[in-house]
Each structure stands twice: as structure tokens, then as C-alpha cells.
Amino acid sequence: MNKVLVVSRQQAIYENLLIKAQLPALELTQDPKLASIILADPPKIVSQLDQYPNLRWLQSTFAGIDALTQPGLRQNYALTNIKGCFGQLIAEYVIGELLEHSRHFSHYHKQQTQINWQPKPYRTIAGQTMVILGTGSIGSHLAQVAAVMGMHVIGVNRSGGTSCTAFSSIYRLEQLTEALSQADVLVSTLPATDQTDNLLNGKSLNHCRNTLLFNVGRGNAICEQGLLETINSGAIRHAILDVFKQEPLPKSHPFWLHPNITVTPHIAAESFPEQVMTIFIENYTRWVAQQPLCYQIDFDRGY
């Protein structure tokens, strides 16, 4: 009999879904010493890892698992994350904010409260170039949506290749600045790894030209001081940030009140329990059959 323990801010929901699923040879437990399987939010479980002596497999409820791949943490278990259900949500966030920024909807709402009729010039997003850092399931879905809306889409990844035809071209990370120089819109969907730490810094972002920047990947990718410098220089015209190096973002942080920075509280793509459970059930079926798990993390690569 396999014992599963849930560590999540939505623990009650996940436990009810597990009970309803009636998976064979699987029982819920509250005893860390008995749990061989854990379903968890990475930030909530990371400080407790050593309390689970029989842990063999941990299914993350998040796409981002960087909390669990830090140096010094145990790695003697299979770690899987969530993929395939966040692309639509990220695309909604990016395209929604992009249209808000380019079509001035908030401006007109404010004008309405002032009973003021004053059109403001705007530019269509069709024909603009979107550079997407990271061409996995999230980046590829966003590329498809942007392409349908008439945008020219460039991808950047480690290999320089992708199977997603929505990208007109792909650059390797070593060619980052060449891609950035073409960006009207820049979107980072990158995971947190040693290679992505402060990738978007004062030097690299200085190759942008009046670019609208989004970070919906992980907060480590942006050098905060470098971003402020390139906003001041005009290389970045506005930054829309959903993820940060420290969350919640400290109240004293300069991003909060900066007129050219939009802060959202890590809500671009929520982990909906029903979608997470679909992946957990598939992986549990594979686990019992001793088959490879879906979305297993390579601890060395960090994704």
C-alpha cells in the first residue's frame, strides 16, 4: 500500500480529490514517517524534506520547482512538476496586459470618471516582434497566440531549435543580445537555473530599444538594479512583473511606486487542483506500473 501526504495551501481540496479518485493501493496519511509519495507546493515542503524518511516521489503542484533544486537539499527521490496547463493562463496574462498597455483602457476608464472625451494615439500589436525566452510548453503556447494576432515571434532557448512552428526563428542563449535588439515585446518564461540568474541585466537589456518587458517565469532572471537602469535610459519602456526574487515583494521595494513598472502578486498562472490531479493520476498509474513519470525533473539541470 502506497501512502500519500499532501502539503499545500489547498490541502483540503487536494485530499478530497484524492479520496474521490479512489486510486488503487493508495491511502492518505498525515504521518511524515509513513509517506512514500508527497503532493506538495514546493515552498511549503522545502523546509520539511528531511522529515520524510520514506519519500520516493514528490509531485509538485507548481510548474516552478526551483525551491527544491537548491544546493544542499536532498535529491534521493523522483521529483515531477506540472506542465501543459499553464500556457493558456500565461498567454491570457501577457496578451491582456499587452493590449491594456497598447490600447490605454485604464486611461479611458479614468477619463470616463472625469467625463472627459479625449482620444489617445495607439499602435496595433500586429507586426510587432515578440521575443520569448524559453520555448517549452508555456513559451510555445504564447507564441501560437501571439502569431495568430499577427505578431512576429522569436524564441530563445539553450539549443536553438524547437518543434513549435509559431516561432519565425530561434536563437541560442549565447545569441540573446541579438534577439533582444529586435524586441518590441520581451517575455521571459525561463525556469530558475544557474544559467538564468540575472540573465536580464543592465548590460543585456541595454540592447533593447523602447521594449515592453514581461517576466512570468521566475524572479531570478532579472537583475533588479539593471532593470531600473535600463528603464531610466529608455531601453525598457515599461516592465510588467509577476515574479520576483523575494515574494511577497517587500513593501519598501522601489518597484511598487515606479511609474514604469507594473507589479502583480504571482497570479499569472494559478495551479488549479483539478488540473494538477489529472497529472498526478497519470503519474501514479505510471508509478504503480514502474513506468517513466511525466515531467520528471533533472536535478542537475534544474528543470
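User: Strands here are DSSP runs (E, at least two residues), numbered from the N terminus. On that footing, where is alanine 35 found?

Analyst: This is a predicted model. Alanine 35 sits in the loop between strand S2 (26-28) and strand S3 (37-40).

User: Is alanine 35 buried or exposed?

Analyst: Alanine 35 counts as buried because its relative accessible area is 0%, and the cut-off for buried is under 20%.

User: Which residues does alanine 35 touch?

Analyst: Leaving out residues up to four places away in sequence, alanine 35 touches Lys3, Leu5, Thr29, Tyr52, Asn54 and Leu55.

User: How far apart are alanine 35 and serine 102?

Analyst: The two are 51 Å apart in space, C-alpha to C-alpha. In sequence, 67 residues separate them.

User: Serine 102 is in H3, then. What does helix H3 span?

Analyst: H3 covers residues 87-103, 17 residues in total. From its first C-alpha to its last is 23 Å, close to the 24 Å expected at 1.5 Å a residue.

User: Which residues of H3 are buried?

Analyst: Gly87, Leu89, Ile90, Ala91, Tyr93, Val94, Ile95, Glu97, Leu98 and Ser102.

User: What do the buried residues of H3 pack against?

Analyst: One helix, H5 (137-148), and several strands. The strands are S6 (129-133), S9 (185-188), S10 (211-215), S11 (236-241) and S12 (261-263).

User: And what follows H3?

Analyst: Histidine 104, with a positive phi near 65°.

User: New topic, cysteines. How many disulfides?

Analyst: The count is zero. Cysteine 85 is in no disulfide, and the nearest cysteine sulfur, that of cysteine 294, is 12 Å away.

User: Why no bond for cysteine 294?

Analyst: Because the closest cysteine sulfur, in cysteine 85, is 12 Å from the sulfur of cysteine 294, too far for a bond. The cut-off for a disulfide is within 2.5 Å.

User: Is cysteine 85 buried or exposed?

Analyst: Cysteine 85 has 14% relative accessibility, so it counts as buried.

User: Last thing. How many cavities of 30 Å³ or more?

Analyst: One. The largest cavity holds about 50 Å³ of space.

User: Which residues line the largest cavity?

Analyst: Asn215, Gly219, Ile222, Glu224, Leu227, Leu241, Val243, Phe244, Lys245 and Phe255.

User: What is the lining of the largest cavity by class?

Analyst: Six residues are nonpolar, two polar and two charged. Glu224 and Lys245 are the charged ones because Glu and Lys count as charged.

Conventions:
Residues are numbered from 1 along each chain as its sequence is written. This is a predicted model: local features need pLDDT of at least 70, side-chain atom pairs count only at pLDDT 80 or more; totals for chains, interfaces and linings use all residues. Side-chain values use heavy atoms; hydrogens and water are left out. On a 1 Å grid over the protein atoms alone, a cavity is a set of points where a 1.4 Å probe fits but cannot get out, and a pocket is an open set with protein on both sides within 12 Å along at least five of seven lines; lining residues have an atom within 4 Å of a point. Grid points are joined across faces, edges and corners, and a volume is the space filled by probe spheres set on the points. Buried means under 20% relative accessible area, exposed over 50%, partly exposed in between (1.4 Å probe, protein chains only). Helices (H or I, at least four residues) and strands (E, at least two) are DSSP runs, numbered from the N terminus. The expected span of a helix is 1.5 Å times one less than its number of residues. Contact means heavy atoms within 4.5 Å.
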